Amino acid sequence: MKYPEMKPDYVIGVTPVSNGIYRETETLFKNTFARMEERGFKIKKKAEIWGQENARACSGEERAEGLIAMMNDDEVDIIMPPWGGHLAVEMLEHLDFSKLKPKWLTGYSDISTVMLPITLKTGIATAHMANIVDLRGEAMDEVTAKWLQVLNTKSGDSVEQVSSKLYQEEWDHENPTSMVFKLSEQTEWKGFDAAGEKVSGMHMEGRMLGGCIDCFRHLIGTEYGDIEAFKKNHTNNESIVWYIDDSELDTVDFKRSLVQMMYAGWFKDCAGIIFSRVGKPKIKESYQYEDVYREMATTLNVPVLYDVDFGHKPPQMTIINGAYGMIDMEQGKGHFTQRFI
């Protein structure tokens, strides 16, 4: 694995991989960039971030060119696309993966569509975490605030994170708090063992891979989703711990996508799965999300954790694609260690 290393001046490159900044949110992002500069970061922006047409910032080719340029810009330490969106998948055919230097690419949602293939094809670690727009608050909660410490972890070292006390149930973009999020609901990690029994304690470990399943499922069966090649070329063939965020798939569509992953061999040598809190739950014909989690545990004969701190109901831990993860849950509380090996 290749873990990017940052220089002390912390230059953030902002280039779109999916949505751009549409007119109604320009002030929001100007405030975001100003906040990050107040914290001592330098911001380098691609002009293509401004504007949105036909559900994307610009063409897939232009977004790929922008990302390649940022990945090869020696001034830039961290690449933070404005946010997710819908059509990041368009840019993959235009990405020359051989030209990508190790550089932190961060974010979640549709950004997963680009981060996961980069890690799989190149062995460059990528960071599933809050988008830059989510970091604009006067302060940050303890879970979100760990992002910079995680990205500063040196190759060969480890970094620890713990579960949140409270999480946000719904977004209220018009009335952000000083931390942006409205953390009001009690956090409780939950789990099933391999027999489908609910448990209060659990441990799993392996290479971390995943993202938003609404988006990355479209990589299944393509050259951008070769899990076996990743294990062979970039790890010691360790088992995989999958972290999976469901933004708004209903329970049936969610299960179909997981079964497709299984049929494609993505769960071969799986050591366990952790699921996020579902962004916009949609129950289909009384089929519950807990039914999906239990069925995946028993079908794959692996432990499953759910309602974990990542995804569309913040706060989010920073999860590194390709890092070796060790996850523990005890009485609803979680402890997460990642080793950069």
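Two residues are in contact when heavy atoms of one lie within 4.5 Å of heavy atoms of the other. That criterion applies at each stop of this tour, which is made on a predicted model.

**The whole chain**

Begin with the complete protein chain in a cartoon view. Its secondary structure comes to eight helices and 17 strands. The C-alpha trace spans about 50 × 45 × 40 Å along its principal axes. For 341 residues a compact globule would have a radius of gyration near 20 Å, and the 19 Å of the protein chain agrees with that.

Next, display the surface. The protein chain exposes about 13,800 Å², of which carbon and sulfur atoms supply 45%. Of the 341 residues, 58% count as buried. Colouring by charge brings out 38 positive and 53 negative side chains, and the centres of the two sets lie 3 Å apart. Among contacts between residues at least 6 apart in sequence, 78% join residues at least 24 apart.

**Residues 12-128**

Select residues 12-128, which UniProt, in an unreviewed entry, annotates as "domain: LD-carboxypeptidase N-terminal". This span is 31% helix and 14% strand, and its end C-alpha atoms are 16 Å apart.

Just ahead of the span, select Tyr 10, in the segment before strand 1 (11-14). Tyr 10 has a positive phi, near 55°, although it is a residue other than glycine.

Move on to Thr 15, in the loop between strand 1 and helix 1 (26-38). Thr 15 has a relative accessible area of 1% and is therefore buried, the cut-off being under 20%. Leaving aside neighbours within four places in sequence, show its contacts: Lys 46, Ile 49, Gly 66, Leu 67, Met 70, Ile 79, Met 80, Pro 81 and Pro 82.

Keep Met 80, Pro 81 and Pro 82 on display and add Ile 132, which is also in contact with these three residues. Ile 132 is found in the loop between strand 5 and helix 4 (147-151), and at 1% relative accessibility it counts as buried. Its further contacts, again without neighbours within four places in sequence, are Ile 12, Val 14, Thr 32, Phe 33 and Met 36. A distance label between the C-alpha atoms of Ile 132 and Ile 12 should read 9.6 Å, although these residues are 120 apart along the chain.

**Helix 3 and its approach**

Select Ser 109, in the loop between strand 4 (104-107) and helix 3. Its phi is positive, near 65°, in a residue other than glycine. Ser 109 is buried, with a relative accessible area of 12%.

Extend the selection to helix 3, residues 112-122. Ten of its eleven residues are buried, so the helix is largely enclosed by the rest of the structure. The buried set comprises Ser 112, Thr 113, Val 114, Met 115, Leu 116, Pro 117, Ile 118, Thr 119, Leu 120 and Thr 122. After helix 3 comes Gly 123, with a positive phi near 80°.

**His 128**

Proceed to His 128, in strand 5 (residues 126-128). His 128 is buried, with a relative accessible area of 0%. Beyond neighbours within four places in sequence, its contacts include Gly 107, Tyr 108, Ser 112 and Met 115. Others among its contacts are Gly 211, Tyr 243, Phe 310, Gly 311, Gln 316, Met 317, Thr 318 and Ile 319.

**Residues 205-323**

The second of these lists leads to residues 205-323, which the unreviewed UniProt entry annotates as "domain: LD-carboxypeptidase C-terminal". The span is 31% helix and 24% strand, with end C-alpha atoms 10 Å apart.

Within it, select Met 261, in helix 7 (residues 251-263). At 0% relative accessibility, Met 261 counts as buried. Which residues does Met 261 touch, not counting those up to four places away in sequence? They are Ile 213, Phe 216, Ile 220, Trp 242, Ile 244, Trp 266 and Phe 267. For a longer view, label the C-alpha atoms of Met 261 and Ser 184: they are separated by 34 Å, with the two positions 77 residues apart along the chain.

Finish at Pro 315, in the loop between strand 14 (304-308) and strand 15 (319-321). The peptide bond from Pro 314 to Pro 315 is cis, with omega near 15°.

Notes: Residues are numbered from 1 along each chain as its sequence is written. This is a predicted model: local features need pLDDT of at least 70, side-chain atom pairs count only at pLDDT 80 or more; totals for chains, interfaces and linings use all residues. Side-chain values use heavy atoms; hydrogens and water are left out. Helices (H or I, at least four residues) and strands (E, at least two) are DSSP runs, numbered from the N terminus. The radius of gyration is taken over C-alpha atoms; the globule rule is 2.2 Å times the number of residues to the power 0.38. Buried means under 20% relative accessible area, exposed over 50%, partly exposed in between (1.4 Å probe, protein chains only). Accessible areas come from the Shrake-Rupley method with a 1.4 Å probe; for residues, only the protein chains shown count as cover. Lys and Arg count as positive and Asp and Glu as negative; His and the chain ends are not counted. The place of a charge is taken as NZ of Lys, CZ of Arg, CG of Asp or CD of Glu. UniProt positions are given in the numbering used here, feature names are shortened, and annotations may be inferred rather than shown by experiment.
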